[in-house]
Amino acid sequence: MSTEAPTDIQAFEACGTALKALAVALGWQIDPVRLHADLQAMAGLARQKGQGASAGMIDEMANAVKTQLLTTRMSIERTIIPLR
């Protein structure tokens with residue numbers, strides 16, 4: 001049985017998903033509000049430099065932090081009862 005090699009699009013999607021997961025994991029370790037603000041600032045700098053694709057990925061990471069850590073019940077539970 002052979003497995004198909006991932007396409008370029010699938011590889012890019014996998015990298016994007018992994019980066020967003022990394023941002024969320026970092027948000028559990030440090031202040032997610034500050035992480036979100038820092039990522040937004042970095043995206044703005046990338047945009048100013050004409051690096052649209054990078055800015056978009058950084059925006060996606062900031063959005064993952066926002067949706068998974070700042071606007072959900074999970075963020076409240078992680079603050080009160082951290083993972084062991």
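Let me begin with one residue, H36, which has its place in helix α2. Before going further I should say that what we are looking at is a predicted model. Is H36 buried or exposed? With a relative accessibility of 12%, H36 counts as buried, because the cut-off for buried is anything under 20% relative accessible area. If we leave aside the neighbours within four places in sequence, the residues that H36 is in contact with are A62, V65, K66 and L70.

Now let me step back to the whole chain. The protein has 4 helices and 0 strands, and reading along the sequence we therefore meet the pattern α-α-α-α. Of its 84 residues, 24% count as buried. The protein exposes about 6400 Å², and 61% of that area is supplied by carbon and sulfur atoms. As for how the chain meets itself, if we take the contacts with a separation of 6 or more, 59% of them are between residues that stand 24 or more positions apart.

Next, the packing of the helices. Two packed helices are described by the angle between their axes and by the distance between those axes. Here helix α1, residues 8-29, packs with helix α2, residues 32-48, at an angle of about 140°, and their axes are 8 Å apart. That angle makes α1 oblique to α2. Which residues make the contact? From α1 they are A23, L26 and G27, while α2 brings P32, L35 and L39. Sorted by character, the residues of this contact divide into 5 nonpolar, 1 polar and no charged.

That brings me to the interior. The largest nonpolar core has 11 residues, namely A23, V24, L35, L39, A43, I58, M61, A62, A64, V65 and L69. Two or more residues of this core come from each of α1, α2 and α3, the last of these being residues 52-70. Which element gives the most to the core? It is α3, with 6 residues.

Let me look at one member of that core in detail, V24, which lies in helix α1. V24 counts as buried, at 4% relative accessibility. Not counting residues up to four places away in sequence, V24 touches A64, V65, Q68 and L69, and of these, A64, V65 and L69 are also listed in the core. Another core residue, L35, is 11 residues from V24 along the chain, and the C-alpha atoms of the two are separated by 9.3 Å.

For contrast, consider A21, which has its place in helix α1 too. How exposed is A21? A21 is partly exposed, because its relative accessible area is 46%, and the partly exposed class lies between the limits of 20% and 50%. A21 and V65 are 44 residues apart in sequence, yet from C-alpha to C-alpha they are 8.8 Å apart in space.

To close, I would come back to V65, since that residue has appeared several times. V65 is listed in the largest nonpolar core, is touched by V24 of α1, and is in contact with H36, the buried residue of α2 with which I began.

Terms used
Residues are numbered from 1 along each chain as its sequence is written. This is a predicted model: local features need pLDDT of at least 70, side-chain atom pairs count only at pLDDT 80 or more; totals for chains, interfaces and linings use all residues. Side-chain values use heavy atoms; hydrogens and water are left out. Axes are lines fitted to C-alpha atoms, for helices over the stretch in contact, and angles run from 0 to 180 degrees between N-to-C directions. Angles under 35 degrees count as roughly parallel, over 145 as roughly antiparallel, 65 to 115 as roughly perpendicular and the rest as oblique. Contact means heavy atoms within 4.5 Å. Ala, Val, Leu, Ile, Met, Phe, Trp, Tyr, Cys and Pro count as nonpolar, Asp, Glu, Lys and Arg as charged, and the others, Gly among them, as polar. A nonpolar core is a set of buried Ala, Val, Leu, Ile, Met, Phe, Trp, Tyr and Cys residues joined through side-chain atoms within 4.5 Å. Buried means under 20% relative accessible area, exposed over 50%, partly exposed in between (1.4 Å probe, protein chains only). Accessible areas come from the Shrake-Rupley method with a 1.4 Å probe; for residues, only the protein chains shown count as cover.
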